[in-house]
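Biologist: I would like to go through this structure with you, a few residues and strands at a time. Please show it first.

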Amino acid sequence: DFVLGNYVINMYDHQSNQIQLVDSTDGFYLHLSLLTGANSDSSAYPSYTSSYTTVSASDLRVYDISLQAESDSDQVNIQNSTHNFQFSLNITNQTGLYFQILANVPQISSRPTSLLQGPSGQAFRLDPAVMALGYGAGVYFDAHTFPTVVKLDGSSGNNTMNVDGLPSPMWVDFTDAAGQTLAHANCLNCVQVRLVQCTDSQSTAALYPTCTSVAQAYCATLAGSCSQNAYLPTLSGTTVVNLVNGKATFTDVQVQYVVGSGYKLQFTFNGASGGGSTTALTVTSSNTNGQVYLPDKYAVAGVNNSFFIRPYSLSILQNPGGDGVDINGDGFPDGVGLGVPFRLQPAVVIKGNKYDFSQSWNVHGFVPVAAFVKPCSGCCCQKNASLTLSGSATGASSFLQSWTTEDWASGGYLTNSTTKSTVYMTYNSLLVNQVGMLWQDLAISSKTLSAFLDIIISFQVGTSDIYTEVLSNTF
């Protein structure tokens, strides 16, 4: 409940003398009304002379201090023969920008009086106690359900965390301190979601940076409605929604035109700056409960402070190759000497859904990449051969200089680190002006001098178990 305090009603005669004695048989009563904006829109200012909505009487609870009893309606009989009539007010099931309480004693005057004064004149604000985030059919986010990896350009209707894009629908439940939904709270276009980026998402080689502060995320490529310094297109779908009976629902929001580490969703209630007029939405509420983040590092200890956005797909611009016979008909010789850097070094770029990352803006997060000799099957490849992919100037992955086929099942090639290596996705004019990775001295070695056929290199961006992958040609 919102506790509005105690109040006293004093009545005076025509000579301004205070009336000291009021009996129940005199028939005086106090009528109270809780108003908000027209069409039950608490983000619109109410005017009792023109446009307003009278909130359900059950949401305004009146307690008669004199009788030590709560009224069962918005009308309280004034019956006090010993001291002034006193009462207290509580409001339940509501939250929003503009509310007004009107009080009048009909036997004296039909003109109501505004009972409370707020910073916006005669209206006052009710801040939510909690904004709780959830998805699907009533599942609240917690330590086990916060997303850690989000696929770029995901599909709606996804309730499997980390596999595709953002889960949908997502919703914000506005509750009181006890966790009860403020079931009568409504407002139009008053809840907004934005994509924000950790300010350390580029400076550190980490899937999940410390993220001590965030700023607005910007488009990382020129596609769709994106332009340099554009930020609203980073989320597709409906990003500004109504609050309906205490819940704001986002049915189709997905991430687009950005990639890499250190991103969060920011949900704002009644952002003071409006829908899209500024990059920094300030919170209208007087406390921090008017804005909440996903993931929320304060909700559960040990939860990542952000999620990683993996690319929609990867594309190979140049397959690894060396000297010898062209055995697969792709126009490149396939023979690679053991321990000898490939004559044709691999080149891989990241892709969105039908668009490229083709700008040098460098506003995306850190994008680690890994290359492996993928274990193969069949008579031409020795499954148990210990083949090591490594490089000096450019190692096998963002965090490891070398990787062997024996390490394939152990994972851990994409982990947090403190410094960047030379292996990560970045804009390169040699990659047809795209964001990607061009290796310099990648080579394969083995414990034996045996020849191996049908070697495939896997290129991955993501975590050790959730990644976007593309495979090289065999050599």
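Biologist: Is Asp356 buried, partly exposed or exposed?

Modeller: The model is a predicted one. Buried means under 20% relative accessible area and exposed means over 50%. Asp356 has a relative accessible area of 31%, so Asp356 is partly exposed.

Biologist: Which residue forms a salt bridge with Asp356?

Modeller: Side chains of opposite charge can pair when their charged atoms come close. Here the closest N and O atoms are 2.5 Å apart. The partner is buried, with a relative accessible area of 17%. The residue that forms the salt bridge with Asp356 is Lys351.

Biologist: How many salt bridges does the structure hold?

Modeller: Besides the bridge between Asp356 and Lys351, the side chains of Asp127 and Arg125 meet in a salt bridge, 2.8 Å from N to O. Asp127 is buried at 12% relative accessible area, whereas Arg125 is partly exposed at 28%. The number of salt bridges in the structure is 2.

Biologist: How many residues of strand E11 are buried?

Modeller: Strand E11 covers residues 130-135. The strand is largely enclosed by the rest of the structure, because most of its 6 residues fall on the buried side of the cut-off. The number of buried residues in E11 is 5.

Biologist: Which residue of E14 is the bridge partner of Val130?

Modeller: E14 spans residues 170-175. E11 and E14 pair in the antiparallel sense, over 6 bridges. In that pairing, the partner of Val130 is Thr175.

Biologist: Which residue in the turn between E11 and E12 has a positive phi?

Modeller: E12 is made up of residues 139-140 and pairs with E11 in the antiparallel sense over 2 bridges. In this pairing, Gly134 stands opposite Tyr140. E11 and E12 form a hairpin with 3 residues between them. The turn residue with a positive phi, about 65 degrees, is Gly136.

Biologist: Which strands stand at the edges of the open sheet of 4 strands?

Modeller: The order in this sheet is E12-E11-E14-E19, with antiparallel pairing. Each edge strand has a single partner strand, so one side of each is left without a neighbour in the sheet. The edge strands are E12 and E19.

Biologist: In which loop is the place of Pro169?

Modeller: Most residues other than glycine have a negative phi, and most peptide bonds are trans. A cis peptide bond, with omega about -5 degrees, joins Ser168 and Pro169. The place of Pro169 is in the loop between E13 and E14.

Biologist: Which residue is joined to Pro295 by a cis peptide bond?

Modeller: Pro295 is in the loop between strand E22 (291-294) and strand E23 (307-310). The peptide bond that leads to Pro295 is cis, with omega near -5 degrees. The residue before the bond is Leu294.

Biologist: Is Val432 buried or exposed?

Modeller: Val432 has a positive phi of about 55 degrees although it is not a glycine. Val432 lies in the loop between E29 and E30. With a relative accessible area of 59%, Val432 is exposed.

Biologist: What separates the C-alpha atoms of Ile466 and Asn162?

Modeller: Ile466 lies in the loop between E32 and E33. Leaving aside neighbours within four places in sequence, Ile466 is in contact with Val149, Asn162 and Arg310. Ile466 and Asn162 are 304 residues apart along the chain, and their C-alpha atoms are separated by 7.5 Å.

Biologist: Is the disulfide of Cys187 and Cys190 right-handed or left-handed?

Modeller: A disulfide joins Cys187 to Cys190, with 1.9 Å from S to S. Cys187 is buried at 2% relative accessibility, and Cys190 is buried at 5%. The torsion about the S-S bond is about 75 degrees, so the disulfide is right-handed.

Biologist: How many residues apart in sequence are the parts that Cys198 and Cys211 tie together?

Modeller: A disulfide joins Cys198 to Cys211, at 2.1 Å from S to S. Cys198 lies in strand E15 and Cys211 in the loop between E15 and E16, so the parts tied together are apart in sequence by 13 residues.

Biologist: How many disulfides does the count come to?

Modeller: Cys187 and Cys190 form one, and Cys198 and Cys211 form another. Cys219 and Cys226 also form a disulfide, their sulfur atoms 2.0 Å apart, and this link is left-handed. The count of disulfides comes to 3.

Terms used:
Residues numbered from 1 in each chain as written. Predicted model: local features only at pLDDT ≥ 70, side-chain atom pairs only at ≥ 80, totals over all residues. Heavy atoms only, no water. Buried < 20%, exposed > 50% of the residue type's maximum accessible area, 1.4 Å probe, protein only. Pairing = 2+ DSSP bridges. Contact = heavy atoms within 4.5 Å. Salt bridge = Lys/Arg side-chain N within 4 Å of Asp/Glu carboxyl O. Disulfide = S-S within 2.5 Å.
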